[in-house]
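Me: I'd like to learn how to read a few features off a model like this one. Can we take them one at a time, starting with charged pairs?

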Amino acid sequence: MPKELHAPISPTDLLLWEKDRYLSVLAGKIQGIRLLSLDIFDTLLFRTCANPSDVFAKIAEQAHRNGFLKTYISSEAFQEMRIRAEHKARAKQVAQTGFGEVTLELIYEEIPEAICHRDELARLEVEVEAEFCYVNPHITSLLYACKKERIPVALLSDMYLSSEQLRRILVSAGLDLSQVDTLLVSSEEREGKSSGHLFARLKDIYPQIDSQSIVHIGDNIAADVEGASKAGIRGLHYPVIPEHFESIHHWEFVRHGDVLPEWKSLRKLAAASDLSAGSGEKERVLYQFGTDVIGPFLHTLCEWVLDICVEEGITCVNPLMREAYLLAPMLEQAAQLRGVELQVKPIYVSRQATFMAGLEHFGEDELAYLLDIQGLKVRELFDVLGVGRDERDFAAYLEEPIEACKYITGDNGETIYHLLYNYLQSESGQNKLSASIERHRQLLVGYLAQEFGSPERLVTIDIGFQGTIQGALEKIVRLAGLQPEMMHLLAVGTNRLDERRLQGMDIRSMLRSGSGGSESGKRIARTPAFLEELMMGGFGSTLRYSEDHSGRINPIQAQLHRSEEEYAGKLTCQKGALAFQRYYAYLLEQKDGRLSRASKHPEEWSKPLHRVLAMPKPEEARVLGDLTHQDNFCTEYIALICEAVAEEWYLAGPEAFLNSCNYAPSVMNVNWPQGMATRRFPYYLYHYYLQLADGFGSQSMIFDTLQRVKKDGIASLMLYGTGAFAEQVLKAAWFHGLHIPYWIDPAVEANTAPWGRFAFKTLEQARALSEASGRTAPAFLIATLSELETYPSRILEAFEGSDLTPKLYQLRP
């Protein structure tokens, strides 16, 4: 099983930073650094909220309780007011002084005194920031490692807070301020990092240090990389927190809104710890799937199990193999991190291993059930029944499928199928079957007694779903003369569990998938294949049990047919899941009771997995769909999770295809309908849910347009438009990774100072720049929903007489 790879996460671990995907480029090189400079927010400090502005809503909640804010101002309204107040304060400062940097006090001067106590709200803001913030252990590890090498450390922040307010927040987050030599903040220096000014001030403080020996690390390219470059300082981009179109968390937001907002930054950090996972797409996707999806879901199951164990005094649990290959070490690690004494002893068991042992007799129903298994061969039937293969009538047909035997005639004129059927129903066959049932039961009960002492007192843990194996175990020990006192804990349970409870079984599920069940529970129960596969190791399912010469009973396992590459990919995913647990424990300890354990909100913690099942990213559908699924019940059935289907099923489009997946498996066997649809129609599901979330529909129109741009292979284009909508389109283009060097805004003068990584230009300047570049015709992204004819005409008129004909991208439904 996977072993714990690292000790618990600690900011004082001086080697932790080397395991960070982005910081690792400095490994072995810090001796060449003479000054380390760090951005603060989203680099050194992370927040336990989805967005920085969420802090403002929390301020309003506390202000209401303390009487500092009028009750008719809702938290959401204050959040918007606080954002607008900052914009107004910055605009006023630019007009008055030429500088856009402001203080917290100047921001609150823009909020009317009649609705709030400004001073109290400003004080509350610092307190709430401190409540939300925690130190990034990776960056802090690097900071302490540099200080050990006597390298000075500076903190630089574009922030409206004062240096004193920042120090209070840093100390509250657990940073040892004695390790920080310099703190520069834009609100006090009257200029920020993007212009290079703050870096110039840093150089003034350390004139003896050459610029090339200074390394600055931050999350913002414009401020932390390009701004540093203006001062001749090396800037290292640290993009753990910033979002982009391909981000898992963006896709989660489109499907579910903010998912686990308190844990969002922590999940991103865990995903950045994949240094040893390899640099290929498959390794990266599987490791992040472990940290961001499988890890949270399975850890929630572990916490739920631990809650029950603590409450009911349980000290030993028995997860079922093969999923226990990952679940067992996760249970052990969860118990260790929580300080709970728990023994985890997996059971090698399966549906096939319990089938014969759980029968009272073998009748026509059982025979019909087995004979109806698709692809079952005569040899495999004899193996599962345990009646031997020496019957001379069948020796020549052992490798024939049962279905084919219906059309093969023996020497006496009867089909092999009928001969087989009659033999198993004969007195001789029934005697052999009865002996086999008894032998299977003795071996299984003997195995349980050998490994667990009291077979009747097991506490099983499984992913789910109908409790088939659990019901068989109880029946088997009862038939062996024991009274079951078992408990069965499932991640997801169907309505069938209600029936089992009526039979007296103690069987519980974290999520319900049937009537009254959760959306996540239903989806996981429908499509469990890749979840189960990613939890398994390099061995097959338990087929039966055998007794060796010493009297020891051992499980016999099926041969596993997996490539080394696929097995390595699973280990990468499992490594990510185990890593998530350690980061989870780190943040839980940092916030000391201010965050709820995952088990208190299982539906919320299941949403990351639900999103992948319901709306996978194209790369997820590609990587996860290429995993193979092996069902060892009676026969070896091996297929891709996303196995190819006939082209005709796709011809009517993605919606019709998904509807077709409701047919029975005998008609169209699809393990993961949404994965199959995404592989064929990559952004159909994203577009569908984006439209549902967007009341006016403009977001889906912008998305469609940007997709056309990317499909045409265009990476850079000019923006033409004005106002807030054009700004929205600009930011969407950035979000999709497109470069917008120039914004032609009819309402803005060309020499206006830009607020982002672009320059304002006129159409005439755009033409001159295009002609001077000597490149192909320029592309324009037209950002308007009203001037649909005017704007394109203006662009084309500006290029009349030119050899270049601009390519125009307009928003359209």
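Reply: Sure. A salt bridge here is a side-chain nitrogen of Lys or Arg within 4 Å of a carboxyl oxygen of Asp or Glu. Keep in mind that this is a predicted model. The idea behind the rule is that side chains of opposite charge can pair when their charged atoms come close. Take Asp 506 and Arg 508: their closest N and O atoms are 2.8 Å apart, which makes a salt bridge.

Me: How many salt bridges does this rule give?

Reply: The count is 49. Some residues join up further: Arg 82, Glu 86, Arg 90, Glu 101 and Glu 125 are linked in a network.

Me: Back to Asp 506: is it buried or partly exposed?

Reply: Partly exposed, because its relative accessible area is 28%, and buried would need under 20%. Arg 508 is partly exposed too, at 24%. Now try Lys 607 and Glu 604, whose side chains meet in a salt bridge at 2.9 Å, N to O. Lys 607 has 15% relative accessible area, so it is buried, while Glu 604 is partly exposed at 31%.

Me: What is the N to O distance between Asp 292 and Arg 267?

Reply: The closest N and O atoms of that salt bridge are 3.1 Å apart. Asp 292 sits in helix 12 and Arg 267 in helix 11 (residues 264-271), so the pair ties together parts that are 25 residues apart in sequence. Asp 292 is buried, with 0% relative accessibility, and Arg 267 is likewise buried at 0%.

Me: Next topic, empty space. How many cavities of 30 Å³ or more turn up in the whole structure?

Reply: The general trick: rolling a probe the size of a water molecule over the atoms shows where empty space is left. Searching the whole structure this way gives three cavities of 30 Å³ or more. The largest holds about 50 Å³.

Me: Which residues line the largest cavity?

Reply: Ile 248, Arg 284, Val 285, Gln 288, Phe 289, Lys 617, Glu 619 and Glu 620. Helix 12 (281-312) and helix 27 (618-625) each give two or more residues to that lining, with helix 12 contributing the largest share, four residues. By type, the lining has three nonpolar, one polar and four charged residues.

Me: Last one, strands. Do strand 6 and strand 7 run parallel or antiparallel?

Reply: In a regular strand the side chains alternate between the two faces of the sheet. In our case, strand 6 (residues 214-218) and strand 7 (residues 234-237) run parallel, joined by four bridges. Val 215 stands opposite Arg 234 in strand 7. Add helix 9 (residues 221-230), and strand 6, helix 9 and strand 7 make a right-handed β-α-β unit.

Key
Residues numbered from 1 in each chain as written. Predicted model: local features only at pLDDT ≥ 70, side-chain atom pairs only at ≥ 80, totals over all residues. Heavy atoms only, no water. Pairing = 2+ DSSP bridges. Right-handed = clockwise from strand over helix to strand, strands pointing away. 1 Å grid on protein atoms, 1.4 Å probe; cavity = no way out; pocket = protein on both sides within 12 Å on 5 of 7 lines; lining within 4 Å. Points joined across faces, edges and corners; volume = space filled by probe spheres on them. Nonpolar A, V, L, I, M, F, W, Y, C, P; charged D, E, K, R; others polar. Buried < 20%, exposed > 50% of the residue type's maximum accessible area, 1.4 Å probe, protein only.
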